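Here's a quick tour for anyone meeting this structure for the first time. Take a look at the sequence and the model, then read on.

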Amino acid sequence: MHAVSPSLRPLLRRRLLPLAVAAALGGLAALPAYGQGTTPAAVQQFSLPAQPLGQALNALARQSGVAVSADSALVAGKTAPALQGTMTLREALQRVLAGSGLVAESTGSAYTVRTAGSPGGGTMLAPLTVTAQADRATTEGSDSYTTRSMQTATRLPLSIRETPQSVSVMTRQRMEDQGLMQLPDVIQQTTGLIMAKSGDHGSDSSPIYARGFIVENYQVDGISHLHSSYTYIFQSSDMAIFDRAEVVRGATGLMNGIGTPSATINLIRKKPTAEFQGYIKAEGGSWDRYRLEADASSPLNAAGTLRGRGVVAWQENGSSVDRFKEEKNLAYGIVEADLTPDTLLSAGITYQRHRATGNSRYGLPLFNSDGAYANWQRSDSAAASWAYSRRENLAAFAALEHRFANEWRVKGTYSYDSTKYDEQMGYADGGFPDKATGEGVMMTAGRWASPPVQHSMDVYAGGPFTLLGRKHDLVLGVMASSTKEDSESYYTWHVFPIPNIYRWDGSIPGRPDSSATGDSNYKEKTRSAYVTARFKPFDPLSVIVGARTTTWEDRKYTRPYASGIASTVKRKWSDQVTPYVGIVFDLSSQWSVYASYTDIFKPQSNRKDVSGNYIDPLLGQVYEIGTKAELFDGRLNLAAAVYDIKQDNLAVRIPGVFAPDGTGAYRAAQGTKTNGFEVELGGQIAPNWQASVGFARNLSRDADRNLLNTDIPQNTLKLFSTYRMPWVGNGLTVGGGLRWQNRTEADFSWAPGSPKVKQEAYALVDLMARYDITRHISASFNAYNLFDKSYLSTPWSAYYGEPRSFRLGLTYRF
C-alpha cells in the first residue's frame, strides 16, 4: 500500500548510490557465515515488518542463522508481509513467500528460493545468485540488542557465550533507539565504560575508563589504531557508518599485542546489502542541534555480485555550555565484488571532519580564594572565545577473502588512516577567584597540531582441523602497523591573568602567539604474529589457547628553533610474548562457565616526575572467571564475571607536579591490584521487548592497599529497554533507561584549606518513543536526563554534566 513508486526508485538509486561507487573500489557478494546456526526445523520467535522480499529473506537468515539463497531477479519488485510469532524457519519462509509465486526448497542445512513448479534442486537459478547471508554477527535489520557472534577477543568465530571474556555489543538497533550518534554517546551507555569528562569535545580531557584504567585500544573492523601519544583523536568517530560497536573488557593482548587491562573498542563498519535499501533522516534538538543523515545500499549489477553502499551525514549544534559550538561532516563509501563464488574483494573510504569553537579543556575553578566552594552556573564556560579544535580523518581500506571447500578461509586487509588535528586551547581553570573582585583566576593557553598517517597490514587464516577424532578450530595471523607524523611544535603553556572572571566573556586576553617554535617528528611501529586454537577434547569442554609475539618501537625527534639543538628519544621492546588461556565448560545447551588468563604489556607515554623520563612499560596479569547463558535460541545473552588484575609500573598522577614539557607528572606504582565483577543482560526478553542491563564494580589499590582512582566511580549501573506495540497504528515503540553511579571524590591538597570534593551518587533517566507513520516514514522522540539532574562530570573540575535535553527526528526508509 505504501511501496516506493517505480518512478521514485530510479531517482533514489541515481542520487544516493553514487556515494558508494565514487568513494571506493571493487566489491563483492556474500558468503555463508562460518559456524553452526540454528537447524531449519528449530522453532523460534520471528518479528519482521512488511518490507521488500529480498530484505525479508536477509532478516530471516540473520535471525535464524540459516543460509537462504535466491536469485536477485526472482525477488526484485516483490514485497513480503509482516511476520510475527513462534514457528519454524520453513513456516516463516512459507508466510513471507505467500502470493509471490516462489517457494523455498530445503537443501539440507540451507534453503534455496525458486519459482513454484520449476525443477527441484534450484536448477532453474542463474549461475550467480544473491545469498541472504546467515551472518551471525551483523546487527542491522535484526531489531536486536545483542549479536550471535563476535571475533574481537580471539578472532575465532565465537558466540558471546563461547567467548571466555567479558564482552558487550552496542547494536545498530540500540544506537538508533537511543540516538547514539557519536562514539562518546555509545561509551556513556555501555556496561563498565566510564567517560570522565573534564571539558568539551575536541581536546584530551575526556578519558574513557574500564576496570579502573584508561581505554587506549581502538579498532575499526579489527584493525588497531596506532598512535600511543594521542589516542583522544579516535573519540571523534561518527556512528552512522557502523553496524555495531564490540567492547571486550579486560586485557586483549592476544589481538592487540600491547594494551592495558581496561578494554578494547572495536567499531564494525556497515556492509553493502543484497537488496536495494536505505533511509534519509532529519533531526533537531536542544541547543540548536540539527542533523541530516542518508544511507543507501544496493546491488550494482543484475546478478548481484557487485554491491555498493554510501553514507553521508552533517551535524551542527550548540551546547548547554556558553560559547561551545560544533560542526561535523561524514562521507563513507564501500563496494564489494564476488570475484568467484568463494572469493570476496571489498574496498572503501571514509572522510570525517569535526570542527569545534569555544571549547574548553577543563571547567572553571572549584574553589574561591577563601576556600569556599565556587557557585557557578552549569552554562558558565571556562573557554576563551577564540579557542578551537579542528580534526579531519581520511581512511581507506581494501580486503581480499577466500573460502576453501574444507571450511578454511584466508583474509588479507590493508588500511590507510590519515588524521589531521589542530587544537588551540584557552581555558580559565587556574587560581582561585576573589568573591568580591573576581580577580585571581588564571587562563592557560596552548596549541598542539599534527598530521599522523598510519599504514597497516593484517593477514590471517582460520578454519577447522581434526585431531584424535575430534574437530577443533585454529586461527593464525600476522599484523604490521606503522604511524608517522611530521609536524611542528608550539608553545603549549601560556598563563595569563583574567581581570574579573564574573564579567569575563572569553575575549580577553586575546589569543597568544601560536606560531611554531620547533620541528617535531614521531614514528611508531609494531609487528606481531599470533596463533589461537580452540580444542574440543569432549563435547562440553572447549580449551582456547593462544600466544602473540610483538615487537614495538617508537622514535621522537624534536628541534627547538631558538636553540637549534636536536634531540632524539628511541624506545624498543622486541619479541614480547603475550600468552592467553581460556576454558569454557557447557553446563547445558544454554549455560556455560569459563575461566581465562592473559598477560599485560603496554609501553607508556606518561612522564616520570620532574625528570621527564618515560615510565617503564606496564606489566601484569589478568585472571577472570564467569558464567554465561544464551537463552531463547540466542536472542538473549546473560553474563556474570569476576576478575583480578595485578600490575607493576601503573602510572599514577602526581597532583600539582609537572614534567619539563608541561604535561602532568606521574609516578610508577608497584604491586597494584584491581578486582571487581560485572553482570550484564542483553537481547530480547519477550516478543517485541528488547533490553540491556549492566552493572559493574571495580576497586583498585596500591601495594599499601590505598584506593586508587577515587575520582572514577567504583559502581555503575546502566539499563535501557524498549517495547514495540505493532497493534498501535503502524507500530509504536516506547522505551526508557537509567544511568547510575556511586560517589566520587578528589583531594585538592594545594587549594586553600586543602578541601576534598565529593560528587554524591546520582541517576539519570532517559526516554524514547518512535511511531511508524507509514511503512516507510517514522517519527522519533528522545529525552535525556529527564529530571534535569545537576552533577559534576568529574570531581576535579567545575564542568557539569549535560542538563535535560530533547530531540525530534523524522526518518524515511526505502
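## Rings, charges and a sheet

In this predicted model, the charged end of Arg323 sits over the ring of Trp504, 5.2 Å from the ring's centre. Lys628 does something similar with Tyr594: its charged end is over that ring, 5.2 Å from the centre.

Now for rings meeting rings. Searching the whole structure turns up 18 aromatic pairs. Take Phe748 and Trp796: the planes are at 55° and the centres 5.3 Å apart, so this pair is tilted. It ties together distant parts of the chain, 48 residues apart: Phe748 is in the loop between β42 (744-747) and β43 (756-759), while Trp796 is in the loop between β45 (777-784) and β46 (805-813). Another tilted pair is Tyr812 with Phe814, at 6.0 Å centre to centre and 35° between the planes.

How buried or exposed are these four residues? Here's the rundown.

| Residue | Relative accessible area | Status |
|---|---|---|
| Phe748 | 7% | buried |
| Trp796 | 35% | partly exposed |
| Tyr812 | 22% | partly exposed |
| Phe814 | 6% | buried |

Phe748 and Trp796 also have company: together with Phe367 and Tyr373 they make up one aromatic cluster.

Elsewhere, there's a sheet to look at. It's an open one with mixed pairing, built from 5 strands in the order β9-β15-β16-β13-β14. At its edges are β9 (166-171) and β14 (223-224), each pairing on one side only. β9 runs antiparallel to β15 (residues 242-249), and 6 bridges join the two. Across from Thr171 you'll find Arg244 in β15.

Methods. Residues numbered from 1 in each chain as written. Predicted model: local features only at pLDDT ≥ 70, side-chain atom pairs only at ≥ 80, totals over all residues. Heavy atoms only, no water. Pairing = 2+ DSSP bridges. Helix = DSSP H or I, 4+ residues; strand = E, 2+ residues; numbered from the N terminus. Phe/Tyr/Trp six-rings, centres within 6.5 Å; stacked < 30°, edge-to-face > 60°. Buried < 20%, exposed > 50% of the residue type's maximum accessible area, 1.4 Å probe, protein only. Lys NZ or Arg CZ within 6 Å of the ring centre and 35° of its normal.
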